[in-house]
Amino acid sequence: MALSMQAMLDLLDDDARAAAEALLRDAPAPPYSQYGVPAVRAMFDGVSRSPAEIHVPEVLDLGVGTPDGELTVRCYRPSLDRGLPVLMYVHGGGFVIGTLDGVDDLCRSLAVAAGCVVVSVEYRRAPEWVFPAAADDCLAVYDWLERRGDELGIDPTRLALAGDSAGGNLVLSVCTSLAAAGRPLPTCLVVAYPATSANFEGPSWEAFEHAPVLCKADAEWFWSAYADAGARRDPRAVPELSTSLHSLPPMLVVSAEVDPLRSDYERFAELVACAGGEVEVRRYDGVAHGFFTEVRTLRKARQAVADTAHFLRAHCPREPVRADARLRWRRT
């Protein structure tokens with residue numbers, strides 16, 4: 001049975017509840033899909049942000065040429081030393097919203113905490129560009145990082161991938177493409193509440209159908225903008241359909257308690273573990289879908305960044321996957 005809005009707010013920490021209540025008070029009533037793409041982008045992409053609080057010695061916007069045109073990536077360098085490991089980060093937003101600016105605080109935090117160069121990707125968004133445009137863009141940036149490692153002063157043999165929500169889907173898509181081509185995969189993966197299925201079924205979909213940050217109706221709308229029924233049979237679009245889950249590198253799944261997607265990505269983690277992969281699930285209680293990027297306002301977001309940085313440091317360079325790799329759960 002779907003929980004009431006008040007019941008869901010009562011599950012949240014004080015700071016997460018305050019943020020959710022502010023969204024419900026200041027934004028039009030959900031589902032946001034009823035207002036159309038331009039209005040939703042104006043609501044979320046157009047939010048003004050105060051100057052960055054975390055200093056990074058070098059932040060550069062660079063152009064990446066692809067077969068479909070030029071993309072922008074933002075590079076965060078925590079040190080002017082060369083040969084640093086690199087983390088390619090892909091922002092969320094249901095494939096429809098989300099910008100480089102929206103994850104700027106998070107990328108700065110990860111660069112400093114993990115001691116790696118972070119490269120944030122501005123991919124083509126739906127509905128103007130449907131699947132596989134965004135997936136192709138992310139793969140093109142991954143290829144660019146491998147080719148341009150020396151020039152960029154990074155070590156492409158220590159290349160990790162991370163993303164939140166739709167961005168988690170897209171980094172898993174990169175891995176599916178690499179495995180299909182018989183290419184080496186990244187050192188490790190971090191996926192925060194990733195979109196791994198397009199069925200919208202499971203306990204969390206029922207309980208949090210009307211969740212304050214992302215409700216079921218909006219999740220369905222985002223998917224309809226990105227991938228039609230035919231595309232949803234492609235494992236590059238729907239990660240749980242992949243037949244190469246066993247080949248995934250060590251993976252950290254960042255889970256949120258109040259999240260309609262939770263049943264999907266925690267089931268995906270179990271599928272990876274059953275296939276022989278090394279996967280750790282960290283569920284953060286008291287927070288909702290989207291919390292990972294809110295490092296200024298949410299204590300659990302800052303804790304998740306610290307946990308992610310520890311994971312990245314442990315797996316760059318990559319450690320051999322143990323034969324007895326298994327699913328590990330931690331509640332936070």
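Exposed here means over 50% relative accessible area, buried means under 20%, and partly exposed covers what falls in between. Keep that scale in mind for the views below, and remember that the model is predicted.

**View 1. E53 and R296 make a salt bridge from one loop to another.** The closest N and O atoms of this pair are 3.9 Å apart. E53 sits in the loop between helix 3 and strand 1 (58-66), while R296 sits in the loop between strand 8 (279-288) and helix 11 (299-315), so the bridge ties together parts that are 243 residues apart in sequence. The E53 end has a relative accessibility of 61%, and because exposed starts over 50%, E53 counts as exposed. R296 comes out at 27%, so this partner counts as partly exposed.

**View 2. R41 reaches E128 through a salt bridge.** Here the closest N and O atoms lie 2.8 Å apart. R41 belongs to helix 3 (residues 37-44), and E128 is found in the loop between strand 4 (117-122) and helix 5 (133-147), so to speak a link between distant parts of the chain, with 87 residues separating the two. With a relative accessible area of 15%, R41 is buried. Taking the whole model, the count of salt bridges is 25.

**View 3. R267 and E240 meet side chain to side chain in a salt bridge.** The N to O distance is 3.0 Å. R267 is part of helix 10 (residues 262-274) and E240 is in the loop between helix 9 (216-226) and strand 7 (251-258), so parts that are 27 residues apart in sequence get tied together. How buried or exposed are the two ends? R267 is partly exposed, at 30% relative accessible area, whereas E240 is buried, at 18%.

**View 4. D61, R74, D101, D104 and R108 belong to one salt-bridge network.** These five residues are joined by salt bridges that share partners.

**View 5. D264 is tucked into helix 10 as a buried residue.** Its relative accessible area is 1%. What does D264 touch, once residues up to four places away in sequence are left out? The contacts are T196, S197, E201 and W205.

**View 6. S197 and E220, shown by their C-alpha atoms.** These two C-alpha atoms are separated by 11 Å, and the residues are 23 apart along the chain. E220 is in helix 9. With 33% relative accessibility, E220 counts as partly exposed.

**View 7. Aromatic rings, with F95 and Y226 as the pair to look at.** A pair of aromatic rings is described by the distance of the centres and the angle of the planes. Across the whole structure, a search turns up nine aromatic pairs. In the F95 and Y226 pair, the ring centres are 3.7 Å apart and the planes sit at 5°, so this one is stacked. F95 comes from the loop between strand 3 (84-90) and helix 4 (104-114) and Y226 from helix 9, so the pair ties together parts that are 131 residues apart in sequence. Both F95 and Y226 are buried. W221 and F222 give a tilted pair, with 5.3 Å centre to centre and 40° between the planes. W221 and F222 are both buried too. F95 and Y226 also join F131 and W223 in one aromatic cluster.

**View 8. R124 puts its charged end over the ring of W129.** The distance from that charged end to the ring centre is 4.7 Å.

**View 9. The largest nonpolar core, with F291 picked out.** This core has 114 residues, and M88, Y226 and F291 touch the most other members. Helix 5 gives the most to the core, with eight residues. F291 has contacts beyond four places in sequence with Y193, V254, S255, A256, Y284, L298, K300, A301 and A304.

**View 10. Model confidence, including the stretch at residues 317-325.** The mean pLDDT of the protein is 94, and 95% of its residues reach 70 or more. Over residues 317-325 the pLDDT is below 50, and this stretch has 16 contacts in the model beyond near neighbours in sequence.

Note on methods
Residues numbered from 1 in each chain as written. Predicted model: local features only at pLDDT ≥ 70, side-chain atom pairs only at ≥ 80, totals over all residues. Heavy atoms only, no water. Salt bridge = Lys/Arg side-chain N within 4 Å of Asp/Glu carboxyl O. Helix = DSSP H or I, 4+ residues; strand = E, 2+ residues; numbered from the N terminus. Buried < 20%, exposed > 50% of the residue type's maximum accessible area, 1.4 Å probe, protein only. Contact = heavy atoms within 4.5 Å. Phe/Tyr/Trp six-rings, centres within 6.5 Å; stacked < 30°, edge-to-face > 60°. Lys NZ or Arg CZ within 6 Å of the ring centre and 35° of its normal. Core = buried A, V, L, I, M, F, W, Y, C linked by side-chain atoms within 4.5 Å. pLDDT = per-residue confidence, 0-100.
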